[in-house]
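Thanks for coming, everyone. Let me put the sequence and the structure up on the screen, and then we can walk through them together.

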Amino acid sequence: GFVYETWKARLENVRFKANSNGVDWFVAKCPTCSADKPKGEDTKGHRLNFSEEGAIVCQARQCTYWEIAGTKQSEVKE
């Protein structure tokens, strides 16, 4: 499963960004953009925005939550 603290510890350039409505937001270098240089890299190291509540957003090239978190998306059962 996904362990937030382990994931956060592996990120580069983690910094506090702001508190918005009681939620602490952080920025870091997007691990997906950094690993996939042909498609576009987070060269400035601050394009990943995330919170301890589980929100994860890439503002460089809109990498998916599943790519960034490093977990496989579970199948949708109908």
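Let's start with a pair of residues facing each other across two strands: Phe26 stands opposite Phe50 in strand 3. What you are looking at is a predicted model, by the way. Strand 2, residues 23-29, and strand 3 run antiparallel, and four bridges join them.

So, is Phe26 buried or exposed? It is buried, with a relative accessible area of 11%; the cut-off for calling a residue buried is under 20%. If you look over the face of Phe26, you will find Lys8, at 4.1 Å from the ring centre.

Now for the aromatic company around here. The model has six aromatic pairs by our rule. One of them is Phe16 with Phe26, an edge-to-face pair with 5.8 Å centre to centre and 80 degrees between the planes. Phe16 lies in strand 1, residues 12-20, and Phe26 in strand 2, so this pair ties together parts that are ten residues apart in sequence. Step back a little and you see a cluster linked by ring pairs: Tyr4, Trp7, Phe16, Phe26 and Phe50.

Let me stay with Phe16 for a second. Which residues does Phe16 touch, once we leave aside its neighbours within four places in sequence? Those are Asp24, Trp25 and Phe26. For a sense of scale, the C-alpha atoms of Phe16 and Ala28 are separated by 9.0 Å, and these two residues are twelve apart along the chain.

Let's zoom out to the sheet. Four strands make an open sheet in the order 1-2-3-4, with antiparallel pairing. Strand 1 and strand 4 are the edge strands, each pairing on one side only. From one strand to the next, the twist averages 20 degrees. As a reminder for the room, strands of a sheet pair through backbone hydrogen bonds, in either a parallel or an antiparallel way.

Going across the sheet, strand 1 and strand 2 share six bridges in the antiparallel sense. If you want a landmark there, take Ser20, whose bridge partner in strand 2 is Val23. In the loop between these two strands sits Asn21. Asn21 is exposed, with a relative accessible area of 79%, and its phi is near 55 degrees, a positive value in a residue other than glycine. Asn13 is another residue of that kind, with phi near 60 degrees. Asn13, though, lies in strand 1 and is partly exposed, at a relative accessible area of 41%.

On to strand 3, residues 48-51. Which of its faces are covered? Both are: Leu48 and Phe50 on one side, and Asn49 and Ser51 on the other, are all buried. Strand 3 pairs with strand 4, residues 56-58, over three bridges, again in the antiparallel sense. Leu48 has Cys58 as its bridge partner in strand 4. These two strands form a hairpin with four residues between them, and in the turn Gly54 has a positive phi of about 110 degrees.

That brings us to the core. The largest nonpolar core has 14 residues, and those with the most contacts inside it are Trp7, Cys30, Leu48, Phe50, Ile56 and Ile68. Where do the core residues come from? Helix 1 (4-10), strand 2, strand 3, strand 4 and helix 3 each supply at least two of them. Ile56 is a good one to click on: not counting residues up to four places away in sequence, Ile56 touches Trp7, Leu48, Asn49, Phe50, Tyr65, Ile68 and Ala69.

Between strand 4 and helix 3 (65-69) there is a loop, and Thr64 lies in it. Thr64 is partly exposed, with a relative accessible area of 38%. The C-alpha atoms of Thr64 and Thr32 are separated by 9.0 Å, with their positions 32 residues apart along the chain.

Let me finish with the overall picture. The protein has three helices and four strands, and reading along the sequence you get the pattern α-β-β-α-β-β-α. How much of the protein is buried? Buried residues make up 29% of the 78. And of the contacts between residues at least 6 apart in sequence, 38% join residues at least 24 apart.

That's my tour. Feel free to spin the model around, and let's talk.

Methods: Residues numbered from 1 in each chain as written. Predicted model: local features only at pLDDT ≥ 70, side-chain atom pairs only at ≥ 80, totals over all residues. Heavy atoms only, no water. Buried < 20%, exposed > 50% of the residue type's maximum accessible area, 1.4 Å probe, protein only. Pairing = 2+ DSSP bridges. Phe/Tyr/Trp six-rings, centres within 6.5 Å; stacked < 30°, edge-to-face > 60°. Lys NZ or Arg CZ within 6 Å of the ring centre and 35° of its normal. Core = buried A, V, L, I, M, F, W, Y, C linked by side-chain atoms within 4.5 Å. Contact = heavy atoms within 4.5 Å. Axes fitted to C-alpha atoms, helices over the stretch in contact; angles between N-to-C directions.
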